[in-house]
There are 2 protein chains.
Amino acid sequence: MKIYLAGPDVFLPDAAAIGRRKVEICARHGLTGLYPLDSEVDRSAGDVSLNVFKGCEVMMDAADAVIANLTPFRGPGADPGTAYELGYMAARGKFCLGYCNDPSLYVDRVRRFTVVRSQDGRLIDADGLTVEDFGLADNLMMVHALDLHGCALVTPTKAAADIWRDFTAFEACVRLAAERIVSH
Amino acid sequence: MKIYLAGPDVFLPDAAAIGRRKVEICARHGLTGLYPLDSEVDRSAGDVSLNVFKGCEVMMDAADAVIANLTPFRGPGADPGTAYELGYMAARGKFCLGYCNDPSLYVDRVRRFTVVRSQDGRLIDADGLTVEDFGLADNLMMVHALDLHGCALVTPTKAAADIWRDFTAFEACVRLAAERIVSH
């Protein structure tokens with residue numbers, strides 16, 4: 001089983017090492033991890049960002065499953081690029097897995113970034129926009145996409161000491177993928 | 001042509017009125033807008049958020065196209081829920097359109113939220129994560145998804161006075177959808 005390794009990990013200073021580690025963990029469970037940075041992209045010529053996009057799309061199409069790192073990125077929720085990829089994989093009928101290394105609820109995470117108050121029976125942020133309060137870890141689209149197109153979001157019981165470099169929840173997803181092969 | 005109207009508009013205090021306005025604009029161009037809030041979701045019983053998810057999925061599957069509101073939401077980039085939906089629609093081969101009512105570049109928007117500095121030849125944020133600097137309006141996945149699966153992101157030349165209630169860029173997307181019908 002080939003697994004597309006989606007996540008903002010590619011933006012880390014040690015992005016390549018993180019990718020190698022994830023691919024190794026997959027291999028230990030008999031699976032092939034496809035890490036976006038390993039895509040054969042020409043970064044020297046042409047429209048580099050378009051080439052990166054095409055490389056990711058080829059990798060996603062080649063994969064049987066996705067493990068999306070939905071750890072909050074530059075705000076209270078998941079990286080939109082990763083969310084895009086999860087949606088793409090769900091629509092293609094791929095097996096969808098995801099994890100979030102911050103176990104807090106979305107509404108509590110929004111509180112860290114802005115004033116949240118109650119008005120007219122709903123929670124609103126400083127701009128007056130409703131804060132979803134379903135007791136979920138992130139936007140319901142990603143959370144329930146995992147419920148219906150794969151396995152429930154994996155979160156640690158307490159926040160990882162280094163949320164970008166703790167692979168416990170990631171490995172739990174890899175195990176779920178490996179179990180699926182055995183059961184099919 | 002049925003168009004799924006994706007966006008964080010559903011979180012606005014006047015979400016229902018915004019939806020009616022968008023549906024009206026679609027109708028004026030001979031198109032049918034499908035607004036997530038108009039989905040027949042049972043909000044009184046069962047797992048409400050799961051019902052909302054299923055309602056959105058049914059609407060997306062029924063639509064021929066999507067217009068995604070990628071205006072920055074609770075951070076420098078698009079709403080992850082909307083990004084998920086754009087990925088879903090792209091993968092299903094639907095015609096993908098999107099707009100962003102903030103015309104600034106992603107890298108400049110990140111600067112509004114965090115310190116961005118240069119290190120080892122790349123731009124990094126306060127957490128040390130690389131800030132994509134391709135001169136794009138958002139994460140390359142959404143921007144190039146529109147380029148390759150529909151039409152280029154529509155942005156105003158200057159920021160809309162009310163970024164949540166200016167429909168100029170939205171209507172430009174509706175026009176692009178209407179033209180597509182004529183040309184096919």
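All of the interface residues of chain A, 100%, are also interface residues in chain B, so the two copies meet through the same surface. The structure described here is a predicted model. The contact draws 41 residues from chain A and 41 residues from chain B. On the side of chain A that touches chain B, the elements giving two or more residues are helix 2 (48-62), helix 3 (80-91), helix 4 (106-113) and helix 5 of chain A. Helix 3 of chain A supplies the largest share of that side, ten residues. By class, the residues on the side of chain A that touches chain B comprise 27 nonpolar, nine polar and five charged.

The arrangement of the two chains was examined next. Two copies of a chain are related by a rotation about an axis and a shift along it. Here, chain A is superposed on chain B by a rotation of 180° with 0.0 Å of shift along its axis, at an RMSD of 0.0 Å. This is therefore the relation of a two-fold axis.

The helix contacts between the chains can be considered one pair at a time. Two packed helices are described by the angle between their axes and the distance between the axes. For helix 3 of chain A and helix 3 (residues 80-91) of chain B, the packing angle is about 35° and the axes are 6 Å apart. These two helices cross in a right-handed sense. From helix 3 of chain A, the residues A:Pro80, A:Ala83, A:Tyr84, A:Glu85, A:Leu86, A:Gly87, A:Tyr88, A:Ala90 and A:Ala91 take part, and they meet B:Pro80, B:Ala83, B:Tyr84, B:Glu85, B:Leu86, B:Gly87, B:Tyr88, B:Ala90 and B:Ala91 in helix 3 of chain B. The contact of helix 3 of chain A with helix 3 of chain B is made up of 14 nonpolar, two polar and two charged residues.

A second pair across the interface consists of helix 5 (residues 140-149) of chain A and helix 2 (residues 48-62) of chain B, which pack at an angle of about 90° with their axes 9 Å apart. Helix 5 of chain A is therefore roughly perpendicular to helix 2 of chain B. In this contact, A:Leu140, A:Met141 and A:His144 of helix 5 of chain A meet B:Ser49, B:Leu50, B:Val52, B:Phe53 and B:Cys56 of helix 2 of chain B. The contact of helix 5 of chain A with helix 2 of chain B counts six nonpolar and two polar residues, and no charged residues.

Helix 3 and helix 5 of chain A also pack on each other: their axes come within 11 Å and cross at roughly 30°. The two helices are therefore roughly parallel to each other. Helix 3 of chain A passes helix 5 of chain A in a left-handed crossing. The residues that meet are A:Ala83, A:Leu86, A:Gly87 and A:Ala90 in helix 3 of chain A, and A:Met142, A:Ala145 and A:His149 in helix 5 of chain A. Five nonpolar, two polar and no charged residues form the contact of helix 3 of chain A with helix 5 of chain A.

Within chain A, four strands form an open sheet in the order 2-1-3-4, with parallel pairing. Strand 2 (32-34) and strand 4 (95-99) of chain A stand at the edges with a single partner strand each, so one side of each has no neighbour in the sheet. Neighbouring strands of this sheet are turned against each other by 25° on average, direction ignored. Strand 1 (residues 2-6) of chain A runs parallel to strand 2 of chain A, and three bridges join the two. In strand 2 of chain A, A:Thr32 stands opposite A:Lys2. Helix 3 of chain A lies across strand 1, strand 3 (65-69) and strand 4 of chain A, and runs at about 160° to strand 3 of chain A.

Chain B likewise contains an open sheet of four strands in the order 2-1-3-4, with parallel pairing. Its edge strands are strand 2 (32-34) and strand 4 (95-99) of chain B, each of which pairs on one side only. Strand 3 (residues 65-69) of chain B is joined by five bridges to strand 4 of chain B, and the two run parallel. The bridge partner of B:Ala65 is B:Phe95 in strand 4 of chain B. Helix 6 (residues 168-183) of chain B packs on the sheet and touches strand 1 (2-6), strand 3 and strand 4 of chain B, its direction making about 160° with that of strand 4 of chain B.

Methods:
Residues are numbered from 1 along each chain as its sequence is written. Chains are lettered from A and ligands numbered from 1 in the order in which they are written. This is a predicted model: local features need pLDDT of at least 70, side-chain atom pairs count only at pLDDT 80 or more; totals for chains, interfaces and linings use all residues. Axes are lines fitted to C-alpha atoms, for helices over the stretch in contact, and angles run from 0 to 180 degrees between N-to-C directions. Angles under 35 degrees count as roughly parallel, over 145 as roughly antiparallel, 65 to 115 as roughly perpendicular and the rest as oblique. Two residues are in contact if their C-beta atoms, placed from the backbone, lie within 7 Å. Ala, Val, Leu, Ile, Met, Phe, Trp, Tyr, Cys and Pro count as nonpolar, Asp, Glu, Lys and Arg as charged, and the others, Gly among them, as polar. Copies are superposed by least squares on the C-alpha atoms of residues with pLDDT of at least 70 in both. Two strands pair if DSSP finds at least two bridges between them. A crossing is left-handed if the near helix is turned anticlockwise from the far one by less than a right angle, and right-handed if clockwise.
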